[in-house]
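Welcome! Let us take a walk through this structure together, beginning at the ligand and working outwards.

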Amino acid sequence: MKKYLFIAALLVGGAVQAQDQVELGKSVYMTLCVACHQPTGAGLPPVFPPLTQTEYVSESPERFAAMILKGVMGPMTVKGMIYLSVMPPQEALLNDEKIAAALTYVRGSFGNTYPAVATEVVTATRAKFLDRKVSWTEAELKAWPATGTAAAK
Ligand code: HEC
């Protein structure tokens, strides 16, 4: 009996933790990302791309984290539209917990139903690309393995 109570407590604890992450992510999104990607995640085509079921949101969490850390320089095609802009890097402004929370919020909002991202994923990505000073290009992002790691630096 005790064993079951313990497991139940763990499950409830996990759910509370997940809810906290979504709340934190929402606050990061509504403070920062919202200016460009809008409250609905629909963006402002053709200037800011949407975050609704795009490959960059749904696929590799490592790639998503790397994009937020280092930024992206256009041109970039999203849902058939070319974006000729830049997304600024956030590595100096947001810690790993906040980035993971923002990714989790986006991956679970705007009609998206993709799994949460652990803070450890962001920490590992930050360490891996610590020396990189420039933003990503579309070619680099396209070459990113669907799961696992990138060879390029
Ligand atoms: C200053 C405006 C700006 C801010 C702030 C910003 N982005 Fe972006 N984002 C862009 C632009 C512009 C692109 C397209 C890349 C390009 O044109 O270089 C982009 C691309 C993306 C993409 C890949 C394309 C897509 O639509 O799937 C994702 C994912 C993304 N941003 C998520 C975020 C998240 C999450 C945040 C907040 C942590 C954020 N962005 C903050 C402007 C911004």
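A good place to start is the ligand. What you see is a predicted model, and in this model 28 residues lie around the ligand. Those that come nearest are Cys-33, Cys-36, Pro-49, Thr-54 and Gly-74. Several elements give two or more residues to this shell: the helices H1, H2, H3 and H4, together with the strands S1 (72–73), S2 and S4 (86–87). Helix H1 gives the most, with 5 residues. What is the character of the shell, in terms of nonpolar, polar and charged residues? It divides into 23 nonpolar residues and 5 polar ones, with no charged residue among them.

Now let your eye move to helix H4, one of the elements that help to surround the ligand. H4 runs over residues 96–107, and its 12 residues reach 16 Å from the first C-alpha to the last, close to the 16 Å expected at 1.5 Å a residue. Is H4 mostly covered or mostly open? It is mostly covered, as 11 of its 12 residues are buried. Among them are Asp-96, Lys-98 and Arg-107, as well as Ile-99, Ala-102, Leu-103 and Val-106. The partners that the buried residues of H4 pack against are helix H1 (2–37), helix H2 (55–58), helix H3 (61–70) and helix H5 (119–128).

For a closer look at this packing, pick out Ala-102. Leaving aside its neighbours within four places in sequence, Ala-102 is in contact with Gly-25, Val-28, Tyr-29, Cys-33 and Ile-68. You have met Cys-33 already, as one of the residues that come nearest to the ligand.

Ala-102 also belongs to the largest nonpolar core, a set of 26 residues. Ala-102 is among the residues with the most contacts inside this core, along with Ala-65, Ile-68, Ile-99, Leu-103 and Val-106. H1, H3, strand S2 (76–78) and H4 each supply at least two residues of the core, and the largest share, 7 residues, comes from H4.

Finally, step back to take in the whole protein chain. Its secondary structure comes to 6 helices and 4 strands, and along the sequence they follow the pattern α-α-α-β-β-β-β-α-α-α. The radius of gyration is 16 Å, close to the 15 Å that the globule rule gives for 153 residues, so the chain is as compact as a globular protein of that length. Its C-alpha atoms fill a box of roughly 60 × 35 × 25 Å along the principal axes. Of the 153 residues, 28% count as buried. Among contacts between residues at least 6 apart in sequence, 62% join residues at least 24 apart.

Conventions
Residues numbered from 1 in each chain as written. Predicted model: local features only at pLDDT ≥ 70, side-chain atom pairs only at ≥ 80, totals over all residues. Expected span 1.5 Å × (residues − 1). Buried ≥ 20, exposed ≤ 12 C-beta atoms within 10 Å, placed from the backbone. Contact = placed C-beta atoms within 7 Å. Core = buried A, V, L, I, M, F, W, Y, C linked by C-beta atoms within 7 Å. Near = placed C-beta within 6 Å. Nonpolar A, V, L, I, M, F, W, Y, C, P; charged D, E, K, R; others polar. Rg over C-alpha atoms; globule rule 2.2 N^0.38 Å.
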